[in-house]
Amino acid sequence: MAKIGLQGRLFLSHVIVMVVGLSTLITVGKFYSPRLFVLHLAKLEGSGFKLGYVRYQLIKGFEYAWGRGALWSVVVGGSTAGGLSYLVARRIVKPLTQMEAITQKFASGNLSERMPANDIRELHRLAASFNRMAADLQGVEQRRRELVGDLTHELRTPLTVVEGYLEGLADGTIEPSVDIYQRLAKETRRLRRLVNDLQELSQAEAGYLPIHTQKLELLPLLTSLIQKFSDQLLEEGPELRLDCPAALPLALADPERVEQILINLLGNALQYTEQGSITVQAWSEAGKVWVAVVDTGVGIAPADLPHVFERFWRSDPSRDRSSGGTGIGLSISRRLVELQGGQIEVKSQVGQGSTFKFSLPLA
Ligand code: ADP
């Protein structure tokens with residue numbers, strides 16, 4: 001079945017159509033036209049014309065002229081049609097072979113290959129959808145590479161610290177002390193947190209985190225969260241407030257995930273707010289429910305704002321690394337919000353505070 005290629009098939013089908021057409025034309029012409037001509041002559045003779053022996057010459061002449069005409073039309077028509085059909089077949093098949101070559105290059109790892117535009121509509125659509133898929137794959141591959149790169153960097157720092165201390169302890173250059181062991185434990189905790197966060201992040205990014213959306217009443221959830229966090233607040237620390245109307249419409253969301261997002265945002269707000277207040281607000285607007293965590297903390301510089309949701313990003317890596325931040329919390333939060341069909345935004349002013357808000361669809 002697959003012996004004849006598309007180009008051969010197209011060409012062959014054109015040729016067959018042409019042969020059938022020409023042979024019908026010739027057969028019909030060959031048998032029908034001379035007969036009509038003879039009938040015509042007979043009519044002429046009937047109406048009084050004397051044709052005599054010219055009659056034979058006329059019929060011969062007609063047959064000769066017809067034969068010549070037919071021959072040339074077969075030669076000229078046949079070769080023009082054949083040539084055209086060859087060109088058409090090639091024009092359809094060429095982009096297909098080109099596409100095949102490109103997909104092969106793509107499969108062998110050259111992800112920047114793209115299909116050229118095509119003026120045949122169906123092929124153009126095929127090329128466009130291949131290009132979309134290619135761009136998606138390239139994005140995934142790039143993120144994977146970045147993740148591995150970031151990850152090695154993140155793991156190397158605590159490992160180097162632990163290794164340094166352990167070697168120092170082993171050869172006696174470092175005196176064992178409670179402080180040293182505490183530092184070792186701290187680095188190990190950091191590693192464990194990093195691994196936990198990473199697992200969560202990779203699941204969230206791959207879309208494997210199960211999201212069980214349901215009709216969700218936000219007020220009780222927010223109240224209990226504020227309750228939990230109030231216990232962690234220090235005397236001289238910021239004040240924790242809730243600003244949520246009693247008649248808030250139901251959201252369509254997963255309570256556990258919403259809680260996870262808020263724990264992240266509140267945790268950050270607490271960490272970066274020395275004094276003032278942290279307010280959790282909720283309201284509904286344009287078919288969505290919005291929840292915001294507003295703090296009066298250190299704020300985020302305008303240049304840093306676009307990066308806060310990137311994984312491993314911290315505004316001050318050295319300070320935050322020692323405080324145990326992994327820079328993963330906000331990327332997980334963003335994925336969780338997106339998986340529930342919402343969006344997350346940040347506004348901030350250095351020295352004034354930050355507002356992180358996210359939306360959830362209405363139930
Ligand atoms: P981390 O685990 O380091 O907190 P996040 O992804 O939660 O990771 O936050 C990324 C960075 O964004 C933080 O390191 C911090 O620099 C900045 N950030 C997040 N929330 C706030 C906030 N409320 N105020 C100031 N900076 C913040």
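Which of the 20 residues around the ligand come nearest? In this predicted model, they are Asn 268, Asp 295, Ser 315, Gly 327 and Leu 330. By class, the shell around the ligand divides into eight nonpolar, eight polar and four charged residues. Helix α6 (255-272), helix α8 (329-339) and strand β7 (353-361) each supply at least two residues of this shell. The largest share, three residues, comes from α6.

Polar atoms of the ligand lie close to N or O atoms of several residues, including Asp 295, Gly 327 and Tyr 272. In the side chain of Asp 295, an N or O atom is 2.8 Å from a nitrogen atom of the ligand. Gly 327 contributes a backbone N or O atom, at 3.0 Å from a ligand oxygen atom. A ligand oxygen atom is also found 3.2 Å from an N or O atom in the side chain of Tyr 272. The ligand taken alone exposes 530 Å², of which the protein buries 97%.

Elsewhere in the chain, helix α2 (residues 54-107) packs with helix α3 (residues 121-171). The angle between the two is about 10°, and their axes are 11 Å apart. Because angles under 35 degrees count as roughly parallel, α2 and α3 are described as roughly parallel to each other. On the α2 side, the contact consists of Ile 92, Pro 95, Leu 96, Met 99, Ile 102, Thr 103 and Phe 106. These meet Leu 123, Leu 126, Ala 127, Phe 130, Ala 134 and Leu 137 in α3. The residues of this contact comprise 12 nonpolar, one polar and no charged.

Technical notes. Residues are numbered from 1 along each chain as its sequence is written. This is a predicted model: local features need pLDDT of at least 70, side-chain atom pairs count only at pLDDT 80 or more; totals for chains, interfaces and linings use all residues. Side-chain values use heavy atoms; hydrogens and water are left out. Axes are lines fitted to C-alpha atoms, for helices over the stretch in contact, and angles run from 0 to 180 degrees between N-to-C directions. Helices (H or I, at least four residues) and strands (E, at least two) are DSSP runs, numbered from the N terminus. Angles under 35 degrees count as roughly parallel, over 145 as roughly antiparallel, 65 to 115 as roughly perpendicular and the rest as oblique. Contact means heavy atoms within 4.5 Å. Ala, Val, Leu, Ile, Met, Phe, Trp, Tyr, Cys and Pro count as nonpolar, Asp, Glu, Lys and Arg as charged, and the others, Gly among them, as polar. A residue is near a molecule or strand if one of its heavy atoms lies within 4 Å of it. A polar contact is a pair of N or O atoms within 3.5 Å; within protein, one must be able to donate a hydrogen and the other to accept it, and residues adjacent in sequence count only if both atoms are side-chain atoms. Accessible areas come from the Shrake-Rupley method with a 1.4 Å probe; for residues, only the protein chains shown count as cover.
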